[in-house]
Amino acid sequence: MTRTRKTAAPRRTLRRLPLNAAATLTVAVCLFPVYWMVATAFKPSRDIQSYEPRLIPGEWTFEHFRTAVQADGFALFWRNSILVTLSAVLLALVVALGAAYAVARLRWRGRRQFMLAVFIAQMAPWESLIIPIYIISRDTNMLDRLPTLTLIYFMITLPFTVVVLRGFIAGIPPELEEAAQVDGCTRVGAFRRIAFPLLAPGLMATSLFGFITAWNEFTYANFLIIKQQDSRTLPVWLSSFQTTFGTDWGATMAASTLFALPALIVFLVLQRHVTSGLTAGGVKG
């Protein structure tokens with residue numbers, strides 16, 4: 001028996017070797033552009049423009065980061081991005097939590113049709129709505145305003161948030177809330193005291209998706225903020241390093257590195273809850 005186990009272990013290792021190699025190659029391919037961006041940010045300009053690129057910088061410099069931080073509008077665009085992103089995520093969580101609870105716990109006419117509409121909205125390419133949204137914003141005098149971007153990002157993230165939270169609420173036994181109601185809690189009180197604390201993984205997963213989506217969005221921010229330069233966000237600010245005289249690649253890569261840091265930090269903080277939250281979102285209810 002012991003000899004059989006000893007021979008089976010190397011066989012399992014050999015069978016997993018191609019999968020491990022494929023996974024390692026996939027991770028390397030995905031991370032290499034990120035590494036090249038960060039490495040370029042630390043290279044001197046002469047090395048960036050060299051015909052013989054180096055994988056590892058031969059000389060390190062922080063000059064490009066100083067250029068990015070001292071660029072016009074750096075602090076202002078950071079404030080705009082943080083304000084718009086957090087507002088859209090919080091608004092989506094509040095609205096989606098009520099909608100998801102109604103779909104998962106209550107029985108009402110049109111519930112299935114409502115979820116079908118949510119799925120269709122989630123699958124729809126939002127880029128196809130740029131022209132209608134621009135016309136509506138123009139006619140309602142909402143161009144060049146941060147609340148417009150907030151509402152758009154809210155609409156983009158809302159369907160996914162409803163789907164995930166609905167599945168997560170459906171995975172919580174309703175008997176827990178019913179027991180609390182028997183003890184004197186109202187339906188809202190039972191949800192707040194019993195179900196809501198169990199929703200942390202789902203809330204974290206949807207918050208991460210909403211944050212990354214709103215933080216990285218460029219098209220609407222560039223298309224709807226035309227005249228008021230002070231209302232632009234960081235993705236649009238990154239394009240300011242490209243001028244008629246060329247592109248400052250060092251400053252662009254340094255600014256891109258700084259731009260990616262908040263999303264990376266949020267992911268590292270919430271990553272423990274992401275897998276369980278997304279898995280729970282697939283529960284049938």
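Which helices each supply at least two residues of the lining of the largest cavity? They are helix 4 (74–105) and helix 10 (200–216), and we will come back to them after a look at the whole chain. What you have in front of you is a predicted model, in which local features need pLDDT of at least 70 and side-chain atom pairs count only at pLDDT 80 or more, while totals for chains, interfaces and linings use all residues. Residues are numbered from 1 along each chain as its sequence is written, and side-chain values use heavy atoms, with hydrogens and water left out.

Let us start with the overall picture. The chain holds 13 helices and two strands; these are DSSP runs numbered from the N terminus, H or I of at least four residues for a helix and E of at least two for a strand. Of its 285 residues, 40% count as buried (buried is under 20% relative accessible area, exposed over 50% and partly exposed in between, with a 1.4 Å probe and protein chains only). Among the contacts in the chain with a separation of 6 or more, 73% join residues 24 or more positions apart, a contact being heavy atoms within 4.5 Å.

Now follow helix 7, residues 146–170. Its 25 residues reach 35 Å from first C-alpha to last, close to the 36 Å expected at 1.5 Å a residue; the expected span is 1.5 Å times one less than the number of residues. There is a kink of about 35° at Thr157, shortly before the proline Pro159, where the bend is the angle between axes fitted to the seven residues ending at a residue and the seven starting there. Helix 7 is mostly covered, with 21 of its 25 residues buried. One residue of helix 7 to look at is Thr150, which counts as buried because its relative accessible area is 13%. Leaving aside neighbours within four places in sequence, Thr150 touches Val84, Ser87 and Ala88.

Step back into the loop between helix 6 (130–139) and helix 7, and you meet Asn141. Asn141 has a positive phi of about 60° although it is not a glycine. Asp144 sits in the loop between helix 6 and helix 7 too, and its phi is near 60°, again a positive value in a residue other than glycine. Asn141 counts as exposed because its relative accessibility is 53%, whereas Asp144, at 15%, counts as buried.

Back to the cavity. A search of the whole structure finds one cavity of 30 Å³ or more. On a 1 Å grid over the protein atoms alone, a cavity is a set of points where a 1.4 Å probe fits but cannot get out, and lining residues have an atom within 4 Å of a point. The largest cavity contains about 40 Å³ of space, a volume being the space filled by probe spheres set on the points, which are joined across faces, edges and corners. Its lining is made of Ser81, Val84, Thr85, Tyr153, Ala214, Trp215, Glu217, Thr233 and Pro235. Helix 4 gives the most, with three residues. The lining divides into five nonpolar, three polar and one charged residue (Ala, Val, Leu, Ile, Met, Phe, Trp, Tyr, Cys and Pro count as nonpolar, Asp, Glu, Lys and Arg as charged, and the others, Gly among them, as polar).

Helix 10 has 17 residues and reaches 24 Å from its first C-alpha to its last, close to the 24 Å expected. Its buried residues include Ala214 and Trp215.

Conventions:
1 Å grid on protein atoms, 1.4 Å probe; cavity = no way out; pocket = protein on both sides within 12 Å on 5 of 7 lines; lining within 4 Å.
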